[in-house]
Amino acid sequence: MKLYFAPMEGVTDSVYRRAHASCFGVPDQYFTPFLSPARRKGLAAREMREILPEENAGLPVVPQLLTNHAENFLWAAGILDGMGYREVNLNLGCPSGTVTAKKKGAGQLADVAALDRFLDTVFKASPLAVSIKTRIGVADPAEFPAILAVFCKYPLAELIIHARLRNDFYQGTPRLDAFQAALAQCPFPVCYNGDLLTPGDVQRVSAQFPGVPALMLGRGAAVNPGLFRELRGQARVSKDEIQAFHALLYQGYRSRFSGERAVLCRMKEHWSYLIQIFADHARLAKALRKAGSLQEYEAAVAAVFQTLSICQGDDYRVAFKT
Ligand SMILES: Cc1cc2nc3c(=O)[nH]c(=O)nc-3n(C[C@H](O)[C@H](O)[C@H](O)COP(=O)(O)O)c2cc1C
């Protein structure tokens with residue numbers, strides 16, 4: 001069973017991927033958070049940095065694109081091909097209102113005829129293998145068979161299914177029935193995604209779908225960055241390892257961003273996940289959230305490492321901000 005680290009905007013950037021790989025070993029695949037290619041404007045410097053080979057040296061990375069313009073997709077795929085990538089991933093899952101209002105991300109699932117035309121152009125000309133990360137529809141699971149019928153017309157490298165509707169956002173339980181029904185029809189490899197937060201979740205879902213060749217983990221791996229190796233039978237992450245991981249992240253963002261605010265903001269985002277692997281973390285989670293300077297931030301981090309201990313078993317399942 002292959003295990004992928006899900007793309008997470010604001011979390012799994014190249015600084016994070018390098019630090020993660022060096023502390024915990026590489027999962028079978030990382031996916032970049034989405035890039036929004038526009039040929040007219042070119043890629044933003046921030047987006048270019050995500051895909052530069054030197055930023056991803058030695059890591060198995062699949063870049064992800066969010067666009068409903070086949071021309072923009074193919075233009076970006078050409079750049080990625082020149083950089084040596086083998087596969088590009090299309091984002092048909094982003095539920096954000098600003099994205100779906102433009103008929104991108106999960107918004108692209110609303111019009112299957114337009115989706116079909118888009119994929120037809122893309123698959124005729126893409127220099128790279130194309131995989132898709134999708135939700136199961138916009139408002140009703142009954143939409144999925146028609147969406148799937150379109151996917152099945154094309155030689156997808158892989159279909160990653162986040163078993164939720166766009167309108168579910170990240171709420172409610174993933175719709176495993178819809179996933180199960182889709183599995184039987186797909187002529188390409190399928191990957192399951194959605195709420196695999198702890199080792200127990202992964203065991204349950206892989207027992208339910210023993211034929212599924214790959215699982216994608218997002219928030220659970222952001223909380224427990226050692227989850228991939230734990231699923232391979234190795235030890236729960238230790239506090240020293242989280243400390244070493246944190247040092248690499250902190251150092252990485254301090255050299256990447258010029259202002260203190262940007263560093264603080266990114267580190268707080270990481271801690272909104274990481275803190276949850278620590279038992280009894282409520283007071284220090286608040287101190288981290290409230291830190292107004294790097295000095296206050298460092299004091300809160302020191303207190304985490306001095307006073308808290310890592311949860312064992314599946315005890316760290318808690319609420320996520322989404
Ligand atoms: C903060 C955040 C950022 C995300 N960014 C992306 C993204 O850039 N591209 C994408 O396809 N999915 C994105 N997702 C969705 C995740 O990849 C994943 O599908 C979702 O979190 C469900 O998996 P999980 O329950 O294992 O977290 C994001 C999710 C979160 C919480």
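This report covers a ligand site and one buried residue in a predicted model.

Residues are numbered from 1 along each chain as its sequence is written. In this predicted model, local features need pLDDT of at least 70, side-chain atom pairs count only at pLDDT 80 or more, totals for chains, interfaces and linings use all residues, and side-chain values use heavy atoms, with hydrogens and water left out.

**The ligand and its shell**

The ligand has 18 residues around it (each with a heavy atom within 4 Å). P7, Q64, N193, D195 and R219 come nearest. The shell divides into 8 nonpolar, 6 polar and 4 charged residues. Here Ala, Val, Leu, Ile, Met, Phe, Trp, Tyr, Cys and Pro count as nonpolar, Asp, Glu, Lys and Arg as charged, and the others, Gly among them, as polar.

Three polar contacts (pairs of N or O atoms within 3.5 Å) are listed here.

| Residue and its atom | Ligand atom | Distance |
|---|---|---|
| E9, backbone N or O | nitrogen | 2.9 Å |
| N91, side-chain N or O | oxygen | 3.3 Å |
| R219, side-chain N or O | oxygen | 2.8 Å |

Taken alone, the ligand exposes 610 Å². The protein buries 91% of that (Shrake-Rupley method, 1.4 Å probe).

**Residue F228**

F228 is found in helix α10, residues 227-231 (a DSSP run of H or I, at least four residues). Is F228 buried or exposed? F228 is buried, because its relative accessible area is 5% (buried means under 20%, exposed over 50%, with a 1.4 Å probe and protein chains only). F228 and L92 are 136 residues apart in sequence. In space they are 25 Å apart, C-alpha to C-alpha.

Key. A polar contact is a pair of N or O atoms within 3.5 Å; within protein, one must be able to donate a hydrogen and the other to accept it, and residues adjacent in sequence count only if both atoms are side-chain atoms. Helices (H or I, at least four residues) and strands (E, at least two) are DSSP runs, numbered from the N terminus.
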